[in-house]
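Here is a guided tour to follow with your viewer open. Load the model, switch on a cartoon view, and select each stop as we reach it.

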Amino acid sequence: MQDSIATAKTLSEALPYLQRYSGAVVVVKFGGNAMGDDDAMAEFARDIVLMRQVGVNPVVVHGGGPMINDMLQKLGIKSEFVRGKRVTDKATVEVVEMILSGLVNKRIVQAINDQGGRAVGISGKDDDLMVCVADDPELGFVGRPVEMNVQVLRDLYNAGIIPVVAPVATGMEDNETFNVNGDTAAGAIAGALQADRLLLLTDVSGVKNAAGEVMTQITPDEIREMTASGVIAGGMIPKTETALAALDQGVRAVTILDGRLPNACLLELFTDHGAGSQIRSTEPRVKPRTRR
């Protein structure tokens, strides 16, 4: 009985947040260790279906680096690196498309459908959703989005369908295929949709200050200062750069959160606690949207 009362109390306390996010577009970047764990995948899918059930319009963007590495190794395709980044030649980009648009994308779609949702998997190639140019010619077919056509995503979520997007894109030339960093793709999609929230699920607890403490609220100016001073370094730099670019394009807030936490997305959206570091340039809206 006590557990049931606690559950009911939690649901009651979530009401303002459920009202707040009703009708909102939330882009979720999914990746990391959770993608290889069946239980974690099912839990993530349940969270996404629940978000859709209470009126949120989730758009899932995923990565798949470990799966790509495994397949390249099985096929005997050796990777070259320039300044620590993988060179993506024609053979490699074909494997990337096969794994991301096929194996990984459809696994996530199936997990969402298994939880009672309606999901459709697409890539950045579909309807020219994401058009890229080479980010660095030395890296080959690694893309930087220069044109976004997101109406297909609006059509899907307006029809009650959850889009699941693989970060593979078309180029400016015929028959070009580009591999796009998952965070970069999610930020570009969130910006083009002017999403209410962008959630970047990672394998770390959030952005940490010089004392090693997770910062729950950060402004863009603080991000720039911490990057310049070296407090933000390594793999966190591209994530915060993605966050700043998304905010510049009209995304209301970006959260970098620990995807290893149970129900991380629900904690972040529907509780006071939150689940990571929220980056925003405006004050949070306390009262829910008013419909007249």
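## The whole chain

Color by secondary structure to begin: the protein chain has 10 helices and 14 strands. Helices (H or I, at least four residues) and strands (E, at least two) are DSSP runs, numbered from the N terminus. A word on what you are viewing: this is a predicted model, where local features need pLDDT of at least 70 and side-chain atom pairs count only at pLDDT 80 or more, while totals for chains, interfaces and linings use all residues. Residues are numbered from 1 along each chain as its sequence is written, and side-chain values use heavy atoms, with hydrogens and water left out.

Now zoom out. The C-alpha trace of the protein chain spans about 55 × 45 × 40 Å along its principal axes. The radius of gyration of the protein chain is 19 Å, which agrees with the value near 19 Å that a compact globule of 292 residues would have. That radius is taken over C-alpha atoms, and the globule rule is 2.2 Å times the number of residues to the power 0.38.

Turn on the surface next. The accessible surface of the protein chain comes to about 14,300 Å², and carbon and sulfur atoms account for 50% of that surface. These areas come from the Shrake-Rupley method with a 1.4 Å probe; for residues, only the protein chains shown count as cover. Of the 292 residues, 47% are buried. Buried means under 20% relative accessible area, exposed over 50%, and partly exposed in between (1.4 Å probe, protein chains only).

Contacts are worth a look too, a contact being heavy atoms within 4.5 Å. Among contacts between residues at least 6 apart in sequence, 73% join residues at least 24 apart.

## Helices 7 and 9

Select residues 182-193, which form helix 7. Its end C-alpha atoms are 16 Å apart, in agreement with the 16 Å that 12 residues should span at 1.5 Å a residue. The expected span is 1.5 Å times one less than the number of residues in the helix. How many residues of helix 7 are buried? The count is 10 of 12, so the helix is mostly covered. Among the buried ones are Gly182, Asp183, Ile189 and Leu193.

Then select residues 236-248, helix 9. Its end C-alpha atoms are 19 Å apart, which agrees with the 18 Å that its 13 residues should span. Show side chains for its buried residues: Met236, Lys239, Thr240, Thr242, Ala243, Leu244, Ala246 and Leu247. What do they pack against? Their partners are helix 7, helix 8 (220-228), strand 11 (197-202), strand 13 (253-258) and strand 14 (276-279).

Step just past the end of helix 9 to Gly250, which takes a positive phi of about 110°. Continue to Arg252, in the loop between helix 9 and strand 13. Arg252 is partly exposed, with a relative accessible area of 28%. Add Asp196 to the selection: the C-alpha atoms of Arg252 and Asp196 are separated by 5.0 Å, although the two are 56 residues apart along the chain.

## Two loops with positive phi

Most residues other than glycine have a negative phi. Go to Asp127, where phi is near 55°, in the loop between strand 5 (119-123) and strand 6 (130-134). Asp127 is exposed, at 54% relative accessibility.

The next stop is Asn175, with phi near 65°. Asn175 sits in the loop between strand 9 (168-171) and strand 10 (177-179), and is exposed at 78% relative accessible area.

## Val168 and Gly230

Select Val168 in strand 9. Is Val168 buried or exposed? It counts as buried, at 1% relative accessibility. Leaving aside neighbours within four places in sequence, its contacts include Val96, Leu100, Met130 and Phe178. For a long distance, draw a line from Val168 to Val231: C-alpha to C-alpha, the two are 32 Å apart.

Finish at Gly230, in the loop between helix 8 and helix 9. Gly230 counts as partly exposed, at 44% relative accessibility. From Gly230 to Asp47 the C-alpha distance is 35 Å, with their positions 183 residues apart in sequence.
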